[in-house]
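Look at the structure below. This report follows how its strands line up into a sheet.

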Amino acid sequence: MQTVPILSGATKGLKFNLIKTKDEFLELLEILKKSPFTGFDIETTSLFPRTGEISLLQFFNGDSIYVVDAIELDGRYNRSDIPPMRPAPKKGVIHTPESEEWWRSYKQSDLLYRLSEFLSLTDCKKIIQNAKFESSWMQEKLNCEINAVFDTYLAGKLINTMSD
């Protein structure tokens, strides 16, 4: 796993790791299983798990930031092969016929199912912003639950409610 130190900014002193291979991913899972807490976030191609795909997964264990490229993870796909989307008239982007066809033929890496064991652990707290989103994706795509969750979105709502 290639580690790059972060030299400036708010995350100065942390280590950054881009995970793109099976061996790196399996090594990451072993690291995460030993962590008392892990920040967890995903990036997706849609807001809806039934129509989208997981693109990136991010983990933070207090020492290092790990970004898993879910698209290139098992070597079947390359991000440069994804046809570009085009700007939408008002905001965001929309698919072209070529990009829609590419995503229809895309199949998620079976390696992602290995996350289930880690996500179900109860002795490692998962710190997630709006855990409802990540949970719905993990249920749909990996058929697993996330245990031992601290949701920063809900915590913020509780704090604001208590201070009113």
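Two strands pair if DSSP finds at least two bridges between them. Strands (E, at least two residues) and helices (H or I, at least four) are DSSP runs, numbered from the N terminus.

This is a predicted model, in which local features need pLDDT of at least 70, side-chain atom pairs count only at pLDDT 80 or more, and totals for chains, interfaces and linings use all residues. Residues are numbered from 1 along each chain as its sequence is written, and side-chain values use heavy atoms, leaving out hydrogens and water.

Start with the whole sheet. It is open, has seven strands with mixed pairing, and follows the order E1-E2-E5-E4-E3-E8-E9. Strand E1 (3-5) and strand E9 (149-151) stand at the edges with a single partner strand each, so one side of each lacks a neighbour in the sheet. On average, neighbouring strands are turned by 25° against each other, direction ignored. Such angles run from 0 to 180 degrees between N-to-C directions, and axes are lines fitted to C-alpha atoms, for helices over the stretch in contact.

Here are three of the pairings.

| Strands | Direction | Bridges |
|---|---|---|
| E3 (residues 37-44) and E8 (residues 125-128) | parallel | three bridges |
| E3 and E4 (residues 54-60) | antiparallel | six bridges |
| E2 (residues 15-19) and E5 (residues 64-69) | parallel | five bridges |

Now zoom in on residues. Phenylalanine 37 stands opposite lysine 125 in E8. Glycine 39 has phenylalanine 60 in E4 as its bridge partner. Lysine 15 stands opposite serine 64 in E5.

Finally, a helix. H4 (residues 131-142) lies across E3, E4, E8 and E9, and runs at about 70° to E3. Contact here means heavy atoms within 4.5 Å.
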